[in-house]
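Here's a walk through the model, starting from the inside and working out to the partners. Have the viewer open as you read.

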Protein chains: 2
Amino acid sequence: MVSVKDVAVAAGVSVGTVSNVLNHPDKVSPATVQRVQQVIAELGFVRNDAARQLRAGRSRSIGLVVLDVGNPFFAEVARGAEQRAAEENLVVLLGGADQSPERESAYLDLFREQRVLGVLITPVSDDLAALRRLDAAGIPVILVDREMPEESFRSVSVDDVEGGYLAVSHLLERGRRRIAVVAGPASIPQVADRLEGARRAVAEHSDATLEVIEVAALTVLEGREVGERIRLAQDRPDAVFAVNDLLAVGVLQALAFAGSGVRVPEDVALIGYDDIDFAASTVVPLSSIRQPARMLGRTAVDLLLAEPEGAGERTIRYRPELVVRESTAGVSAN
Amino acid sequence: MVSVKDVAVAAGVSVGTVSNVLNHPDKVSPATVQRVQQVIAELGFVRNDAARQLRAGRSRSIGLVVLDVGNPFFAEVARGAEQRAAEENLVVLLGGADQSPERESAYLDLFREQRVLGVLITPVSDDLAALRRLDAAGIPVILVDREMPEESFRSVSVDDVEGGYLAVSHLLERGRRRIAVVAGPASIPQVADRLEGARRAVAEHSDATLEVIEVAALTVLEGREVGERIRLAQDRPDAVFAVNDLLAVGVLQALAFAGSGVRVPEDVALIGYDDIDFAASTVVPLSSIRQPARMLGRTAVDLLLAEPEGAGERTIRYRPELVVRESTAGVSAN
DNA sequence: CGACGGTAATGAATCGTTTCAAGACAAAGT
DNA sequence: ACTTTGTCTTGAAACGATTCATTACCGTCG
């Protein structure tokens with residue numbers, strides 16, 4: 001494997017000069033730059049990043065740990081982070097925790113060994129020890145889509161309480177009163193917050209009721225099962241708020257097939273959360289709460305790169321946005 | 001930041017011994033191991049992977065470049081690769097090319113600088129120069145979901161010609177004769193092969209016709225537009241084969257909404273490709289061609305890790321499998 | 001009692017790059 | 001002619017972990 005030394009010899013210059021051609025071409029005479037680059041091309045020299053990092057003391061990469069790579073929302077977040085990082089000539093190491101604290105922790109260890117510039121993470125576990133340890137070791141931690149007011153971590157998130165409130169208020173405005181919320185495990189803070197928002201909206205209408213249906217995972221399949229139960233229920237709700245679009249899509253499939261006897265939105269209105277690309281194009285296009293996913297990724301990188309001390313915001317919170325489509329369209333059922 | 005040296009001093013041993021505790025604990029007396037590990041814990045020492053790599057000459061990571069991280073099929077492939085890699089204490093660097101040759105090439109450069117153990121890739125471009133260069137530089141390249149008989153790269157793939165044949169044969173068996181194929185850009189080899197398979201199946205029935213509808217990208221949105229056109233067409237086909245599930249879902253949405261005047265599968269049968277999780281739970285559950293996505297990822301890693309010379313297979317080809325659901329169910333329309 | 005074998009521990013050399021103080025050289029100024 | 005200024009280039013040190021030849025030590029055996 002070709003090293004700077006080989007290049008130096010072949011070009012008849014010192015290793016220092018080769019390095020300068022690579023990193024500070026302005027410090028080297030044009031003729032020399034030319035010659036060295038020629039040799040580099042001929043020999044097919046490629047920098048050894050390990051050596052470079054070793055010298056530099058830190059890497060040029062950022063670690064990103066998300067709950068689930070398969071979830072389009074997080075795929076979007078990752079895209080945003082990558083784009084922003086690329087602009088700074090940095091690289092994103094992407095890890096999917098698949099909801100498992102073990103995998104999350106494995107990635108954190110890895111990132112530590114890699115001396116990443118920082119870690120962007122949507123934590124699964126509530127075990128913050130690992131994160132604090134990173135922080136203490138000088139590796140900044142940025143929380144993504146999660147906030148912890150009492151902690152010192154910087155974060156970029158979307159107001160989930162407001163999102164939940166928006167969703168359910170919208171249903172109420174449409175005249176719905178018997179609201180069901182399909183919620184994932186309450187241990188997930190995003191879920192808890194959206195539920196809280198839903199409760200607040202319902203509290204504003206004395207004649208409205210709220211039923212919470214808890215599921216084990218935020219997947220299409222779980223949503224489908226819940227939808228099935230709703231379809232067959234005696235006292236069917238007239239509106240459903242699913243705390244994530246995957247769940248909503250599942251519910252929709254159970255309700256909206258021909259001959260189900262239930263019409264969406266006429267009989268049951270449905271709203272999801274995240275506004276994944278797919279939501280815009282389900283059978284009955286799905287109303288949803290949009291989160292600026294890509295922006296979340298970009299901003300997380302911004303936050304990481306900002307001067308660590310003082311200056312910028314430490315916590316950025318975006319506001320979610322209601323997107324109305326057919327699944328909640330039409331006049332009130334009442 | 002704590003280094004082996006610091007640990008050595010604190011534990012009253014030499015750096016060599018600390019290293020041995022880390023890598024060959026059997027060579028060190030139990031008492032010393034104990035003491036050193038204690039100190040490591042106290043000081044919060046974490047190996048610097050850059051230094052380790054530099055010395056070792058190669059890294060412990062594998063590069064994976066896929067067409068699109070957002071596509072559930074590739075998310076699955078990545079999962080498989082990660083699992084297998086983890087078993088060998090290796091790590092997968094995941095890069096999404098987003099269909100862009102530039103991004104693909106950027107990742108390859110990065111992986112080269114990282115001295116990855118090998119690169120698993122589903123190439124976007126036909127420009128193999130970069131891949132050959134990698135190979136020449138001693139970084140093995142494994143093609144994923146793609147095959148190039150005339151090239152020397154090892155590969156793991158699924159027989160796309162057979163898949164296309166299976167799909168369309170199934171439609172023909174159901175009595176359909178006017179087949180439309182919704183195909184992505186023909187420049188994508190997977191697409192071309194599936195189309196080829198479709199042609200072969202049609203050729204076996206003299207009374208069957210095949211219409212090819214080419215789209216620019218393999219997305220739900222594109223599928224939807226095509227579906228719209230099909231719905232309104234004068235001489236509507238009685239069956240549609242979409243070369244990927246995202247397209248199929250799009251087509252389905254344009255056809256299968258209440259009041260569209262078209263029933264699936266009665267009027268138009270529909271089959272997709274990939275059998276993504278989502279396919280099983282669309283409004284009209286989607287028939288599809290299943291590919292062992294996770295296995296593809298696992299096997300790619302296996303291939304990479306196998307003895308480079310001689311011995312094992314160089315090319316592994318899986319067979320796709322027909323999965324019948326409602327979108328092609330029911331008796332023949334004829 | 002001395003040689004031997006085996007186990008533990010050592011410390012210098014090494015990987016490939018970047019940095020930086022110092023040197024070489026030429027052009028410009030006095 | 002001699003200093004000054006500035007531009008290029010050099011070569012050695014440093015980053016942190018691993019390796020390996022060497023040394024130290026202790027108990028055994030002849």
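Start with the packing: the largest nonpolar core has 184 residues, and V251(A) and V251(B) have the most contacts inside it. A nonpolar core here is a set of buried Ala, Val, Leu, Ile, Met, Phe, Trp, Tyr and Cys residues joined through C-beta atoms within 7 Å. Buried means 20 or more other C-beta atoms within 10 Å of a residue's own, exposed means 12 or fewer, and partly exposed is in between, with C-beta atoms placed from the backbone. In soluble globular proteins, nonpolar side chains tend to be buried together.

A word on provenance: this is a predicted model, where local features need pLDDT of at least 70, side-chain atom pairs count only at pLDDT 80 or more, and totals for chains, interfaces and linings use all residues. Residues are numbered from 1 along each chain as its sequence is written, while chains are lettered from A and ligands numbered from 1 in the order in which they are written.

Who sits around V251(B)? Leaving aside neighbours within four places in sequence, V251(B) is in contact with V182(B), G223(B), V226(B), G227(B), I230(B), V240(B), A242(B) and L270(B). Contact means that the C-beta atoms, placed from the backbone, lie within 7 Å.

Now zoom out to chain A. Its secondary structure comes to 12 helices and 12 strands; these are DSSP runs numbered from the N terminus, with helices being H or I of at least four residues and strands E of at least two. The radius of gyration of chain A is 26 Å, well over the 20 Å that the globule rule gives for 334 residues, so chain A is more spread out than a compact globule. That radius is taken over C-alpha atoms, and the rule is 2.2 Å times the number of residues to the power 0.38. The C-alpha atoms of chain A fill a box of roughly 85 × 40 × 35 Å along the principal axes. Even so, buried residues make up 51% of the 334 residues in chain A.

The domain assignment (bounds from an automatic or database assignment) splits chain A into domain 1 (4–47), domain 2 (59–158 + 293–318) and domain 3 (160–291). Taken over C-alpha atoms, the centres of domains 1 and 2 of chain A are 37 Å apart.

Next, the two chains together. The contact takes 39 residues from chain B and 39 residues from chain A. On the chain B side, α4(B) gives the largest share, 5 residues. By class, that side has 21 nonpolar, 10 polar and 8 charged residues. Ala, Val, Leu, Ile, Met, Phe, Trp, Tyr, Cys and Pro count as nonpolar, Asp, Glu, Lys and Arg as charged, and the others, Gly among them, as polar.

Then the DNA. A residue is near a strand if its C-beta atom, placed from the backbone, lies within 6 Å of it.

| DNA strand | Residues around it | Closest | Largest share |
|---|---|---|---|
| C | 27 residues | S3(A), V4(A), A51(A), S14(B), G16(B) | α2(A), 6 residues |
| D | 29 residues | G16(A), S3(B), V4(B), G16(B), A51(B) | α2(B), 6 residues |

By class, the surface near strand C has 10 nonpolar, 12 polar and 5 charged residues, and the one near strand D has 10 nonpolar, 13 polar and 6 charged residues.

Last stop: R47(A), in the loop between α3 (30–43) and α4 of chain A. With 18 other C-beta atoms within 10 Å, R47(A) is partly exposed. Leaving aside neighbours within four places in sequence, R47(A) is in contact with L22(A), R52(A) and E113(B). The C-alpha atoms of R47(A) and S3(A) are separated by 7.5 Å, though the two are 44 residues apart along the chain.

Conventions:
Two residues are in contact if their C-beta atoms, placed from the backbone, lie within 7 Å.
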